[in-house]
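The following note is offered for the colleague who will examine this entry. Please read the points in order, with the display at hand.

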Number of protein chains: 2
Amino acid sequence: MVRSAAELFAGRAYDGVSIDDLVTHLGLHRNSLYKTFGSKRGLYLAALRWSLEHDVAPLIDRVSRAAGPGEGLREALSPPGGGAGLDLLLLAAVERAPVDAEVAELVTRTLDALDAATGVPDGTGDPGDPGDPDGGPGALAVALTSAVLGLRIRARAGAPGADAGRACEALGRRLATR
Amino acid sequence: MVRSAAELFAGRAYDGVSIDDLVTHLGLHRNSLYKTFGSKRGLYLAALRWSLEHDVAPLIDRVSRAAGPGEGLREALSPPGGGAGLDLLLLAAVERAPVDAEVAELVTRTLDALDAATGVPDGTGDPGDPGDPDGGPGALAVALTSAVLGLRIRARAGAPGADAGRACEALGRRLATR
DNA sequence: GAGATTAAGGAACGATCGTTCTTGACTGAG
DNA sequence: CTCAGTCAAGAACGATCGTTCCTTAATCTC
């Protein structure tokens, strides 16, 4: 149920998903929705948390176990389960986080975890260069996960699609050497 | 007028900006809006085109003239003019392009131009590696511009902010060497 | 100066939004 | 059997959405 809601919210913007859409695509009916989740926002938060736990968290696990940075992040773009993947997190970051503090908190915490999972060093020449300088992973890891978000955007926007894998592979190779 | 509309649409989602918001924040009044642009979507498209021409195009110019890939893209994150910058393009790519073919066309064409402006080689080991293999810039350039989009997302989502510059700098250094 | 044209400023429209209330059938305990 | 409680199903609510229409004031032409 919550998973179906997550898939709907991952497909289009928050305002683009109406209560009628939710009621018809899900089995659940109006009364139960408000009884259980309180409001549309409540259901959205539940769906977001579900997606972060069941889609993104396993992905973070696989990334942290991957051989190189490129390999792990390439499969981040095409999740095996066929679920919402990163899309709900992406939409939440772009359109909900700026107007919803609770969403912003969830998003930043998840992205920070994804940064840490890459295991990529800082990459700046600043003092205290390696790994974790002072709280939080390195600048290069932030850039890498940001690239994944951007590639997912371009795939959604209708790019040819196949070159997303090539782009991630090329980037991973550059970051892996040395 | 169109610029003010672009700033509004860059700030929140398309459905989050109402006609009342537009007529109050802009000087223009309802009748003229529909006389001139036909519909809300018409005004949105005009604003998007304006932003692409006045915000993104100069940015692409500066990127193509920058010394290294990192230097040019870092200022892409904090445009000097203080305008909408990449935000309208970003929102258009995430939430409008999947449901509006005309927006998708504008977005993909602009992003392709940004790729080409980086002057970054392909980076894959594929045959025909250097520069433009067959139509369109290299995979590494796609990854680089995608990273810029992702960093802008994280800045909007409430990240500490300062590390976006560090991330872009670190990535630029990695891509410049060799 | 008189008449035609245009734009401003709202009122008003139907549709749809998120939310709540009412109704009717079903279930378990006494 | 009876009755309190639960839940599906949908009607209905006020608010707001995008869009159109109407009235009035200003501008331009002859």
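1. Aromatic pairs. Six aromatic pairs are found over all chains in a search of the whole structure; rings of Phe, Tyr and Trp (its six-membered ring) pair if their centres lie within 6.5 Å, and planes under 30 degrees apart count as stacked, over 60 as edge-to-face and the rest as tilted. A:Tyr14 and A:Tyr44 make an edge-to-face pair, with 5.0 Å from centre to centre and 85° between the planes. Because A:Tyr14 sits in the loop between α1 (2-11) and α2 of chain A and A:Tyr44 in helix α4 (residues 40-65) of chain A, the pair ties together parts that are 30 residues apart in sequence. Helices (H or I, at least four residues) and strands (E, at least two) are DSSP runs, numbered from the N terminus.

2. Basis of the model. This is a predicted model, in which local features need pLDDT of at least 70 and side-chain atom pairs count only at pLDDT 80 or more, while totals for chains, interfaces and linings use all residues. Residues are numbered from 1 along each chain as its sequence is written, chains are lettered from A and ligands numbered from 1 in the order in which they are written, and side-chain values use heavy atoms, with hydrogens and water left out.

3. Confidence. Chain A has an average pLDDT (the predictor's confidence in each residue, from 0 to 100) of 82, and 81% of the residues score at least 70. Among the elements of chain A, the mean is highest for helix α6 (residues 87-96), at 95, and lowest for helix α5 (residues 69-77), at 71. Over residues 125-136 of chain A, pLDDT stays under 50.

4. DNA strand C. The strand is surrounded by 13 residues, the closest being A:Ile19, A:Tyr34, A:Lys40, B:Asn31 and B:Ser32; a residue is near a strand if one of its heavy atoms lies within 4 Å of it. Polar side-chain atoms of A:Tyr34 and A:Lys40 lie 2.7 Å and 2.3 Å, respectively, from a phosphate oxygen of DNA strand C. For B:Asn31, a side-chain N or O atom is 2.7 Å from a base oxygen of the strand.

5. Symmetry. A turn of 180° and a shift of 0.0 Å along the axis lay chain B on chain A with an RMSD of 0.0 Å, superposed by least squares on the C-alpha atoms of residues with pLDDT of at least 70 in both. The two copies are therefore related as by a two-fold rotation axis. In chain B, the C-alpha of B:Ala147 comes closest to that axis, at 1.8 Å.

Technical notes
Polar contact = N/O pair within 3.5 Å; in protein donor to acceptor, adjacent residues only side chain to side chain. Contact = heavy atoms within 4.5 Å.
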